[in-house]
Amino acid sequence: MKFLTPKRKIITEAAQSFTFTRRAMVVGGLQGAIGALLVGRMAWISVAENEKYSLLSESNRVNLTLIPPRRGWIVDRNGRPLANNRTDFRVDLIPQRIVDAEATIRHLAQLLDLEPDEVDRIREDLEKSAGFRPVQVADKLTYDQYAAISVRLPDLPGVAPSQGFSRHYPAGATVGHLLGYVGAATAEDYKARKDPLLITPGFKLGKDGLEKAFDRHLTGKAGAKRVEVTARGKIVRELTTRPDTPGKSIKLTIDAGLQEYAGRRLATQSGSVVVIDCQNGDVLALASMPSFDPNSFSDGISHLEYEMLSKDDHVPLRNKTLQGLYPPGSTVKPMVALALLEAGIGPQETVSCGGAIRVGNTLFHCHKRRGHGPLNMRGAIAQSCDIYFYQMAQRIGMDRIASMARRVGMGQKFDLPFPSQSYGTVPDPAWKERKYDQKWQVYDTVNATIGQGYMLINPLQMAVMAARLATGKQLMPNFIHNARRPDPATVGATEEHLIVIRDAMNAVVNGGGTGGAARSSIPGVMIAGKTGTAQVRRITMAERAGGVRGNSSLAFKLRDHALFQGFAPFDNPRYAIACIIEHGGHMIRNEDAPMIASDTLSYLFDPAKAMEKLETLEKGWGGTPAQRQARQMASFRIAKAIEKGDVPPPSDNVADNAGNAAALSPAPSPPARDESEDDAPPPGANVTGAP
Amino acid sequence: MSIIPHPLTEFPWRILALLLAIAGFGTIVLYSAASGNIFPWAAMQAVRFCIFSAMALTLSRIPLEIFARFAFPAYGAVLASLFLVELIGGVAGGSQRWINLGFMQLQPSEFMKPIIVLTVARFYAMLPVGEIRRWNAIWPALVLIGLPWALVLIQPDLGTATMIAAGGVTVMFLAGLPLRLFIGTGLLVASAIPIAFSFLHDYQKNRVLIFLDPESDPLGAGYHISQSKIAIGSGGFWGKGFLQGTQSHLDYLPEGHTDFVFATMAEEWGLLGGALLILAFMLLFRWGIRVAMRSQDKFARLAAAGLTTTIFFYVAINLMMVMGLAPVVGIPLPFMSYGGSSMLTVMLCIGVIMAIDRASKRRTGTGNWA
């Protein structure tokens, strides 16, 4: 029991009592000190750091939701809307507020005529829902449906009708490639911009065409709604709402009526029409058909519709006006003639066409087997004589032709508000050396002068070429109304030379030439132009010997392209036009390039008469593009369903259901048509030098 | 002597008024925590306070000798039930803290908090004066404290275990053991903390780590402390106003009516409310310490000071936890936090202190007590 200290203090009751008192005071003092410390700590948090914690408390309490801004309108040169916003009525369910889910759903299904599978989807979503997140019942309601629900709200707890805005393109498919479409932002978009607006439900940004190019301009400032929320996300009340600032609108040089007319006038063909104002280069129409409907793209396109579009051999998903490259064919002949004039060849010099000439060891044919006989420049252009150009071009050489080709806009890349454009090729000896490391041959010149071989052009460039030939000015295509631009440079041709060309092009249409189908129906307006045919296959000697096969006997992909470029009126050009029909093959006269171009130009002078003709024609084609596409969609749906074995072939309503099933299950199935995979237009590749 | 009858002057009016003020304030805060409803918490809390006040007053009439005599048997009974809880827990699996008596859940560790104080006080009161600096004065007390401490710790309930140890050690300190023992042990414990830490349960370790850096896990385990500090900090000096607290009413503050009731209060009443509440508690402790210092009986003064310190530990640990100065250990704030067992324990302490006060006043015959 020896412990701690060797010399032990003597401890008495009194001493212990004293020790206790002293230590009790220490304990009491410590307690007081800790009390003071706690008050100090509290003061530090609540007074010194009050601002920080108030902010945190506010950010807890207040939830900021962005209201997507309405997108700016895109209007045509006359202020007609090409793209606007439609009020979109929709209905959601707030699961947490629903009293009797089953009765509510049944009531809604009856009010809105919901399909049974939609009702099942709503039930499923409702079960999975977290309670506060709304479940969508239906969108794109009519105002009547919206109103019908709104007046019954007292009997339908948990039902939340609301209105938003969705993009609307009144002209539908005919503006598809021009304007592009809008859609929800992708993860990459968000990573790049980090703008919270991008992930706000309902916000859409431009995905293609002008919608994409002018996206920032068209996007307004988001509104904001501040709501008080609980920790579990339940909304207690709305605090303040700042309305959105709609985006700015854009006025285009496009003429909405003309654009729609051109799109419809392209009929069932895979083609494009570009119209340019000869005064300043404004693009009045840029139509590429068939096209997707930007309305359905903007709402989120169904798998089935997308599959149909991507399998179509008329390539509705490609903007042919800018991305389609074609051998220009004979449409380059006026340009070549201008180069000849510049090189000093007189317009009256003649060449005798005997149907074929030998260049090197190859025999080059004229399109007219028996030959045209002697022709001057006017006759050669009007009759599109190949032999005249073969011979004349050999006299001046490729470089001078290529120089003129570039001055009229071939191979030129324009500064355009589009994500991509293909700008083709103007071949010359230097180019061939560079590209293929081969020497330029005489037959290359021969091919190029009739727009075959390496030469490639897109429809917009062809329209620019027509406008420059018509005016002698290097007009630049432009899409923004009233855009400031410098005065165009001259093409470098004299007025006399231009008159020769214009006169010759007039003869093509009105002087017994190859373009008689383009003759104007408007009194006092004469159209000048040049036709073209671009081969996409090699014609072998054997075939030529046995007679060249007609286009109608060929597969679609092997048929010739049909081209037309021109302007009107011929003596005082106001509008220039280019029209290219992919694999048209000049098979149907009223769906061929010259008449389409002529009718489109006539719309500019007499819209009523032009429309009247179009409506008559459309009856024969099976209605407007929208009607035809709807029918195509229906038959595609049935074909898919049959292919999958879901339904026996006949009976309409069964097939319709099967179509839904196909739309719901996007599982890829083998394509129905074997050529559908190869949808790239083959222009340059397949073309070789023997017309 | 005045004309007021003796039993009335002897009745502990002032201390009851103080308790009534604190508990009344607590009831108001609970009323707000239920979004302006007396149900489910405020009414129940008020009823409990009345019942337990009556119990405390009854306790205060019991002669002190009874407490002294029953200290060891009560200790034995509670220790036995702690064992029982551990056994049942072992059978049922998982953490077990209470015995189901059928009509109520009994949590024996809660009773151990005052009992350990009475038991250690009783031990030192029985110890002959001369033995106080010997080994004999230390080991029995350490055993008395260590057994329940270990049993509660393995439940596991770090907060209650700490309070049991702290209450017992405080009494040892007050009993007059050599000062250097405490200093030496303090240093030893400080150096042993890293070792002790490794023996903690994962969730306990987490709590400690997150206490050290609450922002490291603001949505997980640090959520309590972060939200509590936001509630207190956003209250400012004057508070957001009665029923205007957003942290509590919008459910951002977890446990806003139990362990974190102080944050609920501070958000609406600000620093002013908080300082007044702490002041009220300090007055309560001053009363307890004074009762201890006035008492001549060794058991009585050790018990009074020890029990006061037990209540103090409730308040101090809870407030430090709420303000981010201590890890989240689940110690409620007396009279403020909703819950029966903690109020029962604290009222037991108050009752015993009142009994001591009464006994010492009887002896000295003075009415001068506060």
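Helices (H or I, at least four residues) and strands (E, at least two) are DSSP runs, numbered from the N terminus, and by that reading chain A of this predicted model holds 27 helices and 19 strands. Local features are reported here where pLDDT is at least 70, and side-chain atom pairs count only at pLDDT 80 or more, while totals for chains, interfaces and linings use all residues. Residues are numbered from 1 along each chain as its sequence is written, chains are lettered from A and ligands numbered from 1 in the order in which they are written, and side-chain values use heavy atoms, with hydrogens and water left out.

**Overall form of chain A**

- The radius of gyration, which is taken over C-alpha atoms, is 37 Å for chain A, whereas a compact globule of 691 residues would have a value near 26 Å, the globule rule being 2.2 Å times the number of residues to the power 0.38.
- Along its principal axes, the C-alpha trace of chain A spans about 145 × 70 × 55 Å.
- Of the contacts in chain A (heavy atoms within 4.5 Å) with a separation of 6 or more, 73% are between residues 24 or more positions apart.

**Surface and burial**

- The accessible surface of chain A, computed by the Shrake-Rupley method with a 1.4 Å probe and, for residues, with only the protein chains shown counting as cover, comes to about 31,400 Å², and carbon and sulfur atoms account for 53% of that area.
- Residues are called buried under 20% relative accessible area, exposed over 50%, and partly exposed in between (1.4 Å probe, protein chains only), and buried residues make up 51% of the 691 residues in chain A.

**Cysteines**

- A disulfide is a covalent bond between the sulfur atoms of two cysteines.
- With a disulfide taken as a pair of cysteine sulfur atoms within 2.5 Å, a search of the whole structure finds zero disulfides over all chains.
- C579(A) is in no disulfide, and the nearest cysteine sulfur, that of C278(A), is 16 Å away; C579(A) is also buried, its relative accessible area being 0%.
- In chain B, the sulfur of C50(B) lies 19 Å from the closest cysteine sulfur, in C349(B), which is too far for a bond, and C50(B) counts as exposed at 51% relative accessibility.

**Salt bridges**

- Taking a salt bridge to be a side-chain nitrogen of Lys or Arg within 4 Å of a carboxyl oxygen of Asp or Glu, the count comes to 35 over all chains.
- E238(A) and K225(A) form one such pair, with their closest N and O atoms 3.9 Å apart; the pair links strand β9 (residues 235-242) of chain A, which holds E238(A), with strand β8 (residues 223-229) of chain A, which holds K225(A), across 13 residues, and K225(A) is partly exposed at 29%.
- R378(A) and D503(A) meet in a salt bridge at 2.7 Å, N to O, and this pair joins helix α15 (residues 377-383) to helix α21 (residues 495-510) of chain A, the two residues being 125 residues apart; R378(A) is partly exposed at 38%, and D503(A) is partly exposed at 29%.
- R294(B) pairs with D357(B), the closest N and O atoms being 3.0 Å apart, and thereby links helix α12 (residues 261-294) with helix α14 (residues 340-364) of chain B, 63 residues apart; R294(B) is partly exposed at 23%, whereas D357(B) is buried at 3%.
- R71(A), R167(A), R193(A), E211(A) and D215(A) are linked in a network of salt bridges.
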